[in-house]
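Please open the structure in a viewer and keep the selection panel at hand. The tour below proceeds one selection at a time.

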Amino acid sequence: MEPSSIPTDAQLVALAAEVAAEVLQHRLMLVTAESCTGGWIAKTLTDLEGSSAWFHAGVVTYSYEAKEALLGVNPHTLEQTGAVSEETVLEMVSGALARLGAGVAVAVTGIAGPSGGTPEKPVGTVWIGWKRRGGYGHAQLFHFSGDREAVRRQTVAAALTGLRKTLTE
């Protein structure tokens, strides 16, 4: 799948199946911490039969307060860098692992649109973070194009692709 293409439902299911196979192979449990995707990553993963064997939990946190309370994101981080930042997504993915007790996590935060963008962080700006228990989190900045659904679909695909990479490295 090309980075600029909008993934289909079938492509998302195929990516989810690849992630599921890797999570099972490593005997891990997976958690998601989502903002701009509203639980779409968790839905895509749990649409797979047997997902309860490897999917532990998913948290959707749109507000600053929810990010702080459910994922342990530092209020200072949110005040200084905003919700859509490398620092915030790394705290989200670390908090998901620590608070939900899994072996691997993915976190996303971004601006899906159609409003909410700024010149510094336009619509389509998304940070995704991945982390395995005992390892270091890593994050990547994406600039997706299209409408709200297109940005969210691309985010789900990138999150799943990054999970697969995190599990195979």
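The stops that follow treat an annotated span, a sheet, and two helices of a predicted model.

**The annotated span.** Begin by selecting residues 14-167. The UniProt annotation "domain: CinA C-terminal", taken from an unreviewed entry, covers these residues. Helix accounts for 45% of the span and strand for 21%. Its end C-alpha atoms are 16 Å apart.

**The sheet.** Next, display the strands. Five of them form an open sheet, and its order is β2-β1-β3-β4-β5, with mixed pairing. At the edges stand β2 (55-60) and β5 (138-143), each of which pairs on one side only. From one strand to the next, the twist averages 15°. As general background, the strands of a sheet pair through backbone hydrogen bonds, in either a parallel or an antiparallel manner.

**Strands β3 and β4.** Select residues 104-110 and residues 125-132, which are β3 and β4 respectively. These two strands are antiparallel and pair over seven bridges. To locate one point along the pairing, highlight G110, which stands opposite V126 in β4.

**The hairpin of β4 and β5.** Now move the selection on to β5. Strands β4 and β5 also pair in the antiparallel sense, here over six bridges. T125 has H143, in β5, as its bridge partner. Five residues lie between the strands of this hairpin, where G134 takes a positive phi near 85°.

**Helix α5.** Select residues 86-100. This helix, α5, lies across β1 (30-34), β2, β3, β4 and β5. Relative to β3, α5 runs at about 145°.

**Helix α6.** Select residues 148-168. How far apart are the end C-alpha atoms of α6? They are 30 Å apart, which agrees with the 30 Å that its 21 residues should span at 1.5 Å a residue. Of the 21 residues of α6, 15 are buried, so the helix is largely enclosed by the rest of the structure.

**Residue R153.** Remain on α6 and select R153, which is found in this helix. Is R153 buried or exposed? R153 has a relative accessible area of 12%, and therefore counts as buried, the cut-off being under 20%. Show its side chain: it reaches the backbone oxygen of P7 at 3.2 Å. Leaving aside neighbours within four places in sequence, R153 is in contact with I6, P7, T8, D9, L12 and W40. Selecting these residues together with R153 completes the tour.

Technical notes
Residues numbered from 1 in each chain as written. Predicted model: local features only at pLDDT ≥ 70, side-chain atom pairs only at ≥ 80, totals over all residues. Heavy atoms only, no water. Helix = DSSP H or I, 4+ residues; strand = E, 2+ residues; numbered from the N terminus. Expected span 1.5 Å × (residues − 1). Buried < 20%, exposed > 50% of the residue type's maximum accessible area, 1.4 Å probe, protein only. UniProt positions renumbered as here; feature names shortened; annotations may be inferred. Pairing = 2+ DSSP bridges. Axes fitted to C-alpha atoms, helices over the stretch in contact; angles between N-to-C directions. Contact = heavy atoms within 4.5 Å. Polar contact = N/O pair within 3.5 Å; in protein donor to acceptor, adjacent residues only side chain to side chain.
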